[in-house]
Amino acid sequence: MKFVARFLIVLLLLVALASSAALSLGQETETYGMVVFLKGSEFFNWAYAGMVDAAARIGDHIEVQLLGPAEWDASLEAREIEQLTARGVDGILATAGDAETMNASIDGAIAAGIPVVLFDSDAPGSNRLAFAGTNNYNAGCSAGEAVADWHGDAARVGISTFPGPDHLARRVEGFEDCLAAAAPGAEIVQIVNDEGRVDGAETAITAMLQANPTINVIFASHGNPGPGAAAAVRNLGIVGEVDIMAFDFGLPVLELIENGEIRATVGQNPYLMGYMGMLLAFGARHETGVTAGSGFGPYATLIDTGVQILGPDDIDPFKNPPTFE
Amino acid sequence: MHDMQILKSKQSDGAGLLQRFSLETLQIGGLALAIVVFAIIVQMNFPVFLSLPNINVMIVNFLPEAIIALGMTIVIITAGIDLSVAGIYPFSAIIVGLLLLAGAPIPLAIIITLAAGAFIGAINAFISNTFRVHPFIATLAILLILRGVNIIITGGSPVSGFPETFAIVGQRGIDFGTFLLRYSVFIWLALALLIGYLLRNHRFWRLSYFIGGNRRSARMSGVNVERYLYFVYMLSGALAAVAGVIVASQFNAASNSYGQNLELRVITAVVIGGADLNGGAGSVLGSMLGVLFIAMIYNAFAMSGISTYWQDVVVGAMLLASILMGEVLKRRRAN
Amino acid sequence: MRRSISLFDSSRRLRSSLAPARLLQNRSVILALLILVISIALSILTPAFLSSRNLTFVITGMTYDLLLALGMTIVLLLWGIDLSVGSVLGLTAVVTTMLLQDGVSIPLAIGAGLGVSALCGATNGFFVAYLKIAPFIVTLGMMSVARGIATVLTSGYFVSGLPDAYKAIGQGRLFNVPYMVYFALVVVVILAFLLRNWRPLREAFYIGTNPEAARLAGIRVALITLGGYVFCSMMAGTAAIFMTSRLSMGFFQFGLGAELKAIAAAVIGGASLRGGTGSIFGATLAVFLLALINNGFVLLQGSPNAQNVIMGGILVIAIMIDAYRRRDLAED
Amino acid sequence: MTPVLEIRRASKSFGSHRVLHDVSFAVYAGEVHALVGENGAGKSTLMNIIGGIHRRDAGEIMLNAEPIDPLDPWQARQLGISVVFQELSLTPNMTVAQNIFVRREPTSALGLIHWRQLNDDARALFERIGIDISPTELVGNYSVGIQQIIEIAKAISFDAKVLIMDEPTSALSESEVDRLFSIIAELKQQGVAIVFISHKLGEVLRIADRVSVLRDGEMVGVVNPSDSNQDEIIHMMVGRSLGDLYPAKGVVSDEVLLEVEGLSHPPLFHDISFSLRRGEILGIAGLIGAGRTEVARAIFGADRYSRGSVKLAGIKLDLKSPRQAIAHGIVYLTEDRKVMGLFLSMTMRDNIVSSSLARFTDALGLLKHRAIADESLRAIKQNDIRPRDDLLSMTSLSGGNQQKSLLAKCLSANPKVLIADEPTRGVDVGAKVKIHQALRDLANRGIGVIVISSELPEVLGLSDRVVVFREGHVSAVLDGDNIAQADVMRYAVQ
């Protein structure tokens, strides 16, 4: 019996603790959730920082939270959206792990009257209200044009990417098209699978460079292969002979741009995606007289947050990424 | 004439709580208690937690885990393990999707997919039986192969655009206004009740405990252990395929990304539910409670806004805590 | 009658084991033959393969996997399993680099990182050896916990801004070969020597074969088991030091999925999930074989999607070869 | 009268090794027929052929004059031939009733089990053979001895016409043996034909109606116990006279080597005190479950005890592990060689030195392989282990040689005190004699030897003094050359 008594005391303590915590909660708060397909990606932290800042700008009563699976799995992301819907949050910002899987969940949230705004990666088949993000084709295109600018028809390019996410496919497509348009003599020599990882990229790119010594440019279609490509070039002792076009501005990428191992990176604007996404969701949440009828307030359906090619001179603003508890 | 008490087991007269109930009852009872306590605490902070719509979401979200856990429970009872479910699950979602896109009638597509799942299970059993390797290794090999196959047959992008009626399996349901009770929940319930009942009461299904408890003696009792393991792994594979079909219908899409770490979530749930990896112990009720417990933890994170970074820490700690509890119970009973 | 290899085979016995028929019973020989065949095929198919650069690279790239596989071999030998190595790698990477970022001196940061990995291993070992809880579960829990802590610590950020002297550990070279390759080779040789000659590691064979009999034979079962898990985790920690130094960053997702690869390599190399067997050279050759296949894939511009299929396929083949080797063994 | 079971000219070879040659054998209803022979004589093979585990190469098996051909033990049991193997076929995690009726549970047409009827059936079965075991208790909660009886009940439940038991008493205490024999008598009454395989000739003579003796795969003869004696049977078994089963007793010094005082660990044992002198063989007798093994393990540091002390040569020891015990020179030979004694998949050499590695290690902890090889060869020669190839896997050795290896392993640790728990369990007569001699040689070299045995004649024949255990207490310490078996029994049970 002692066992049971002790257990009951602990139980009571826990309950008391929990209820005091409940009392301290505010009352008129609005909650917005951000759902990403790779929890803890630096890129999405920038986006979340934008969301946090926009929420603070709107007012103290806005609460935000970040959710998402630890490994790339769109079905787990869909689950998070369903959970937020059941909880009845005031708005959801989501980035689609793949273009199709989340449609039903997004539509479910919209049907429940919760505004859903996509950012970074769109789910065009869903009823989502708006999308704020990079036009990935254009992003790839900018990179392709920059590479054409560097080497012209002499460009021999290796691309590092991994199969699956739709936005990566678009970037590669944009890259190929615009490179071909700007420098018809340029050539895509090989595309390798980096499995989405830095060390995977190192392994794959090193082998690629050995098999194809003519390669003089590496295009990283997402954030991780940039440092992997730099390590690969270092491995082979050909630093300076191969130009690397990285993607995004993770700290390791910035560092490598500073010391010259990476020539430039395609800078997206995740902060703006989160910031605009939050504003869009908030706007949609609050109906005005004019928008009456749709069930949602005013919002823009498509916002291109743009890219810029960042060289050594452009990276200072990104050196201090946001942090939060 | 003969002193009979030698033949009686030690019956302690002052039997306490620990002695009065079987270990299984204690473990399941403890888990149920933990679930109730946890639910009360979360509920006090977030009143929406125990609302019907949220409970519904909790169940639907962990439906694949729950269905796969049914098979895993039997696998673990026979002292095996099946890692390949995390490969079969997306594989069958993709296969049913591709079949539907190719114009196969829905029932046929589903049947073929379930058969494919069972077939992969048979391969697991074949490798493990024929080459006498631990099922961990056999199913690991199949998991690795399937992950690659899944990427190859989809080219890495999701398969989607299934016929409207296919949505019945995983999307449609009974509309209660505030929430939609999906038919897939009934599929799970039916499977859980059926398998749970058979595992308790059916002569053939109960052999799994015998095999897991003492494989040699099962052999000596004339059980064809190898053939039985075919049955067990085929069942596990087929159930993973059921989960795959449901998820394909639910999302109206199928991608090779599905099922990351699924095998570990399922094994965690089954073990929290009282199954013994050494075989011979485990129950459907326990496993389902284990899945529920994990589902509640995940949902509470979505509820609370506490950084989900803590999620893994909490789930891992829960696993260790529940095992420690079970071990403590076992030892206190033994003394 | 079945003869087998004694732990204490002395040289006069070795000669008879060099007979061709017996050679094929030796897994390391089979693996070496496979490696030879694949190497010849690759060098015919692509000239880039045999370049010293490429070979250096293959060996460099396999170092992390090798360290993990060595640790896993010891744990499997002890009739255990360690699912947490990948997560421990991630956690060590994060802890070490964060300390460096905060200006902690390099030896201290490395020491702390290795200390954290040792602590993870000791926790695993304590639960397994002293509380007698199934290693699968213990390390599965640790897998979640360690990865979770790494995530919490970094909130998902890359950790960068590491001092150059630290980067030199992984990036520095001697005769154009990175230091870490020498390190790994030294570990392999020492470990192989110790596994043959050092009492605690010899005793590991007894423990893995029959833990209760080992205890009654006066072997320190719990302590050696604990040590095995600590060693395994520290191998993961060491891999983390090299990885962070080489890539100039720390990231909580380092080592994701590495545990399955390590188990596969150790098993292909001769370890068994039933304990009591394991080979350092076997594991080394297995890691090399897998690295070669990966390399060949990229060199031949094969679809990288098939890599997993090949890895699983090799595992199945290894299982079959092993079954053939053990065909005269009694049931279970 | 036709025999229930008849084997006609059965032969069996494994590879080139002939294990049975032209063996004929018959059992009649209501007869207890003992089958004896040294290990390797072919008893197990003969039984395996009848029980459906092996296929014979030649010959016939007749059941009630009909030829039969059982393919597996299950089929044999369906035919009415139940074999109780030494290895139990029970699983600890299920109840007694579930174990007995596995695959034969009373079920509905759909295969759903009628639980109540299942337990009632088990109860009825126990009633039939006159024992009281709860059908709903988990088998794992019962001792090995009772599990053996459950196993026999299971065999009988097949409506066995022929019941074959392989060493059924090897794990039983004397009183459990009595229990078993009364069950056998009961079955005999009911007309079951019983084949009883045992090394314990005393038991054989007590229960058997006829005794068949096998040697080297051939049937050497059938004798009637009433016109024969142990010596004659042994002679038939080994083909020669063995001389004495027990070596001559030696000279015991007065010096106390090991002193156990007030050792307690409730509820297993209470206030155990005895002493062991240099050069003495101290026997410990008692029923299974009397706490003999538990005390031995506690002295050895394998399990804890709550009170009391153990002194070695006058110095108090506080042993926390077997390792410390071995370091002090106390060595324990386990009763369960397969589970707790040997590393079966490893070589003989690995096994022999497993307790004594410390002796072959240098300051750095590195092993001296040559010294290890020499030691193992020496031990093989000294203990006469066959074959003399120390790189053979332990699994390929006979039971007797496995047991000798286990003894060699213990001796290799250079013991001052050897505690031998059931040192001759499952060993044939020839090996038994050699083990007995080895134990006496040890004592003569000044080592203190404790022998725990459930075979009373062995305890008495071997020991200088006998400590009797009853229910966790020491009930008597008997001294002298002529301790009567009946005295020991009285102290053990009263």
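Here are four short exercises on a predicted model, each with a worked solution.

Before you start: residues count from 1 along each chain as its sequence is written, while chains are lettered from A and ligands numbered from 1 in the order in which they are written. As this is a predicted model, local features need pLDDT of at least 70 and side-chain atom pairs count only at pLDDT 80 or more, but totals for chains, interfaces and linings use all residues.

**Exercise 1. Work out how chain A is built and how its domains meet.**

Step 1: list the secondary structure. Chain A has ten helices and twelve strands; helices (H or I, at least four residues) and strands (E, at least two) are DSSP runs, numbered from the N terminus.

Step 2: check burial. Of the 325 residues in chain A, 62% are buried. Buried here stands for 20 or more other C-beta atoms within 10 Å of the residue's own, exposed for 12 or fewer, and partly exposed for anything in between, with C-beta atoms placed from the backbone.

Step 3: split the chain. Domain 1 of chain A covers 29–134 + 270–306 and domain 2 covers 136–267, with bounds taken from an automatic or database domain assignment. Their C-alpha centres sit 30 Å apart.

Step 4: look at where they touch. Seven residues of domain 1 of chain A and ten of domain 2 of chain A take part; contact asks for C-beta atoms, placed from the backbone, within 7 Å. The domain 1 side holds three nonpolar, two polar and two charged residues. For these classes, Ala, Val, Leu, Ile, Met, Phe, Trp, Tyr, Cys and Pro are nonpolar, Asp, Glu, Lys and Arg are charged, and the others, Gly among them, are polar.

**Exercise 2. Describe the side of chain A that touches chain B.**

Step 1: count both sides. Chain A brings 42 residues, chain B 37.

Step 2: find the elements. At least two residues each come from α1 (2–23), β2 (62–67), α3 (74–87), α4 (103–111) and α6 (166–182) of chain A. Which of these gives the most? That's α3(A), with ten residues.

Step 3: sort by class. The chain A side has 21 nonpolar, ten polar and eleven charged residues.

**Exercise 3. Trace the open sheet of chain D and find what packs on it.**

Step 1: write the order. Six strands run β16-β17-β18-β13-β19-β20 (chain D), with mixed pairing; two strands pair if DSSP finds at least two bridges between them.

Step 2: find the edges. β16 (330–333) and β20 (473–479) of chain D each pair on one side only.

Step 3: get the twist. Neighbouring strands are turned by 20° against each other on average, direction ignored.

Step 4: zoom in on one pair. β19 (residues 465–470) of chain D is antiparallel to β20(D), over six bridges, and R470(D) has H473(D) as its bridge partner.

Step 5: add the helix. α9 (residues 292–299) of chain D packs on the sheet, touching β13 (281–286), β16, β17 (417–421), β18 (448–452) and β19 of chain D, and its direction makes about 150° with that of β17(D). Axes are lines fitted to C-alpha atoms, for helices over the stretch in contact, and angles run from 0 to 180 degrees between N-to-C directions.

**Exercise 4. Find the residues of the largest nonpolar core that touch the most other members.**

Step 1: fix the term. A nonpolar core joins buried Ala, Val, Leu, Ile, Met, Phe, Trp, Tyr and Cys residues through C-beta atoms within 7 Å.

Step 2: pick them out. Among 502 residues, they are M245(A), L68(C), A69(C) and L315(C).

Step 3: inspect one. Beyond its neighbours within four places in sequence, L68(C) contacts V85(C), M235(C), A236(C), A239(C), A258(C) and A262(C).

Technical notes:
Contact = placed C-beta atoms within 7 Å.
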